[in-house]
Amino acid sequence: MPVSTGANTNINIRVDSNIKNKAQDVFSALGLDMTSAVNIFLRQAIRKNGIPFELVMDKPQRRTRQFGRFKDKMWEAEDHDWFEPLEDFMEYM
């Protein structure tokens, strides 16, 4: 679906000045200004029908950490007994 090329409008947003300056440095190195970069982001959001990049958490979720600890314990065990059935594993967690 083509994007309309109607009249321009302004968007006012608040951004931490340090973040703005760092972003401007990145965009400048790419030959872009802030307006062009924001327009690219908005067009990609329309094209993807969502945020145009993956949103992930920096820290693993609780269940991920639990699985990591479980896996470490299993490999430390001499006989490497695995849980059967899956309900036993879930109960262990």
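This section describes the helices, the nonpolar surface patch and the aromatic pair of a predicted model.

The secondary structure of the protein chain consists of four helices and zero strands, and along the sequence it reads α-α-α-α. Of its 93 residues, 6% are classed as buried.

Helix H1 covers residues 17–29. With 13 residues at 1.5 Å a residue, H1 should span 18 Å, and its end C-alpha atoms are 18 Å apart, so the expected and the computed span agree. At the start of H1, the backbone nitrogen of Asn-18 has a side-chain oxygen of Asp-16 within 2.9 Å. After H1 comes Gly-31, with a positive phi near 80°. Val-26 is found in H1. Its relative accessible area is 47%; the residue is therefore partly exposed, as this value falls between the limits of 20% for buried and 50% for exposed. Between Val-26 and Ala-37 the C-alpha to C-alpha distance is 10.0 Å, and the two residues are eleven apart in sequence.

A nonpolar patch on the surface is formed by Ile-11, Ile-13, Val-15, Ile-19, Val-38, Phe-41, Leu-42, Ile-51, Phe-53 and Leu-55. Together these residues have about 950 Å² of accessible area. Helix H2, residues 34–48, makes the greatest contribution to the patch, with three residues. Another member of the patch, Ile-13, is located in the segment before H1. Ile-13 has a relative accessible area of 64% and is exposed, because the value is over 50%.

Two further members of the patch, Phe-41 and Phe-53, were examined for their ring geometry. A search of the whole structure gives one aromatic pair. The ring centres of Phe-41 and Phe-53 are 6.2 Å apart and the ring planes meet at 45°, so the pair is tilted. This angle is neither under 30 degrees, as required for a stacked pair, nor over 60, as required for an edge-to-face pair. Phe-41 belongs to H2, whereas Phe-53 belongs to the loop between H2 and helix H3 (62–76); the pair therefore ties together parts that are twelve residues apart in sequence. Phe-41 is partly exposed, at a relative accessible area of 32%, and Phe-53 is also partly exposed, at 48%. Both values are over the 30% that a residue needs in order to count towards a patch.

Notes: Residues numbered from 1 in each chain as written. Predicted model: local features only at pLDDT ≥ 70, side-chain atom pairs only at ≥ 80, totals over all residues. Heavy atoms only, no water. Patch = residues over 30% accessible without salt bridge, like charges linked within 9 Å, V, L, I, M, F, W, Y side chains within 5 Å. Areas by Shrake-Rupley, 256 points an atom, 1.4 Å probe, with all protein chains shown as cover. Salt bridge = Lys/Arg side-chain N within 4 Å of Asp/Glu carboxyl O. Helix = DSSP H or I, 4+ residues; strand = E, 2+ residues; numbered from the N terminus. Buried < 20%, exposed > 50% of the residue type's maximum accessible area, 1.4 Å probe, protein only. Phe/Tyr/Trp six-rings, centres within 6.5 Å; stacked < 30°, edge-to-face > 60°. Expected span 1.5 Å × (residues − 1). Polar contact = N/O pair within 3.5 Å; in protein donor to acceptor, adjacent residues only side chain to side chain.
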